[in-house]
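Visitor: Please give me a close look at the aromatic rings in this model, and follow them to whatever they lead to.

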Amino acid sequence: AIDSEGQIRDAKVEPAFDNLAQYQKIRDLTMTADGKEAYFTLQSPMEEVAVIAVIRKNDDSWTEPTIVHFSGKHRDLEPFLSPDGRRLYFVSNRPLEMSQNEPKDFDIWYVQRSALGEAWGEPLNLGAPINTEHNEFYPAITKSGNLYITSDRPDSKGQDDIFFCKWNGHKYDEPQSLGEAINSESYEFNAYVAPDESFLIFSGYNREDGYGSGDMYISVKGENTDWSQAVNLGEEINSEYMDYCPFVDLSEMTLYFTSRRSSIKNVNDIQSLDDFNKTVNIYENGNSRIFKVKISKDLMSGFD
């Protein structure tokens, strides 16, 4: 449930996707509306390598991950599915021309398919005014076609901001940094936006009301279409470590997110390599892992 301050109470945060526990650095989950297809990023320990992978649900179990056909040659990350599941947005430093090899700054790209279950086409760059000579990250597309991104462009209020990119029916208007209810002089990034734009969950770095490195915050859209002052989701969700990359499965009312939390304690009784491996390879070991928590529909309608 969500209390009057917007914080989630009685929450049980759990590891998500048991079949992905072997991967030491995994983040950026997005799912189709029917919950049968999920995409995410796999990274090397120092993030030199980043690929987008997919799993599919058969009955009650998930398949083993495979890398999507358009990923693996460049640093690709932060996939986000359109509400109808027919377009997949992602971030990449790939060159604009296939004949080129040198990576560029990070841009928003997308692939399309004719229907769920069909093959994805070739990647297309979203182009100006979304993409610039600066970095664009973490796309979130809504039913209206409006796009929300993270960027470090010069008109940010701080370091990284969350930007609103309005679809006017023909093209995107110039991206605008969201107001001070969301952005600050620090870092705001990785926003999940509900398909109907009723609420937004994002990460803020090292804020005064935070519990650690990066915390997740929520804002809801009021009757005047302004975003409400962002509220920390609370200590039952956020940790003293980096918590980021939110995604909400609305069909199951489940919040998925990435966290670098660790439950490893100071251990003074490691007697074998087996003891060591069991200690350092637990799910909450400081690497980026995906977690989940059930949430209330109050999240979609504001705070009591």
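**Around the aromatic cluster**

Guide: Let's start with a group of four: Phe80, Tyr192, Phe199 and Phe247 make up one aromatic cluster. Rings of Phe, Tyr and Trp (its six-membered ring) count as a pair when their centres lie within 6.5 Å. Before going on, keep in mind that this is a predicted model, where local features need pLDDT of at least 70 and side-chain atom pairs 80 or more, while totals for chains, interfaces and linings use all residues. Numbering runs from 1 along each chain as its sequence is written, and side-chain values use heavy atoms, with hydrogens and water left out.

Two of those cluster names turn up again at a hole: Phe80 and Phe247 are among the residues lining the largest cavity, alongside Leu29, Glu78, Pro79, Tyr138, Pro139 and Pro246. A cavity here is a set of points on a 1 Å grid where a 1.4 Å probe fits but cannot get out, and lining residues have an atom within 4 Å of a point. The whole structure gives 1 cavity of 30 Å³ or more, and its volume, the space filled by probe spheres set on the points, is about 40 Å³. By class the lining has 7 nonpolar residues, no polar ones and 1 charged; Pro, Phe, Tyr and Leu are among those counted as nonpolar, and Glu is counted as charged.

Which strands build that wall? S7 (76-81), S11 (136-141) and S19 (243-249) each put in at least two residues, and S7 gives the most, with 3. Strands are DSSP runs of E, at least two residues long, numbered from the N terminus.

Take S11 a bit further. S11 belongs to an open sheet of 4 strands, ordered S11-S12-S13-S14 with antiparallel pairing. S11 and S14 (176-177) are the edge strands, each with a single partner, so one side of each has no neighbour in the sheet. Strands pair if DSSP finds at least two bridges between them; S11 and S12 (residues 147-151) have 4, running antiparallel, with Phe137 partnered to Thr150 in S12.

Back to rings. The whole count is 17 aromatic pairs. One of them is Tyr89 with Tyr110, a tilted pair at 5.9 Å centre to centre and 40° between the planes; under 30 degrees would be stacked, over 60 edge-to-face, and the rest is tilted. This pair ties together distant parts of the chain, 21 residues apart, with Tyr89 in S8 (residues 87-92) and Tyr110 in S9. Both tyrosines are buried, meaning under 20% relative accessible area (1.4 Å probe, protein chains only), with exposed being over 50%.

For contrast, step off S9 into the loop between S9 (107-112) and S10 (124-125), where Ser114 is found. Ser114 is exposed, at a relative accessible area of 53%. Its C-alpha is 8.9 Å from that of Arg87, though the two are 27 residues apart in sequence.

Rings also meet charges. Arg94 lies over the face of Trp109, 5.7 Å from the ring centre, and the charged end of Arg153 sits over the ring of Phe163, at 5.2 Å from its centre. The rule for both is NZ of Lys or CZ of Arg within 6 Å of the ring centre and within 35 degrees of the ring normal.

One last detour, to S21 (residues 289-294). S21 pairs antiparallel with S1 (residues 14-15) over 2 bridges, where Glu14 partners Lys292. S20 (residues 254-259) also pairs antiparallel with S21, over 6 bridges, and Leu255 stands opposite Val293.

Notes: 1 Å grid on protein atoms, 1.4 Å probe; cavity = no way out; pocket = protein on both sides within 12 Å on 5 of 7 lines; lining within 4 Å.
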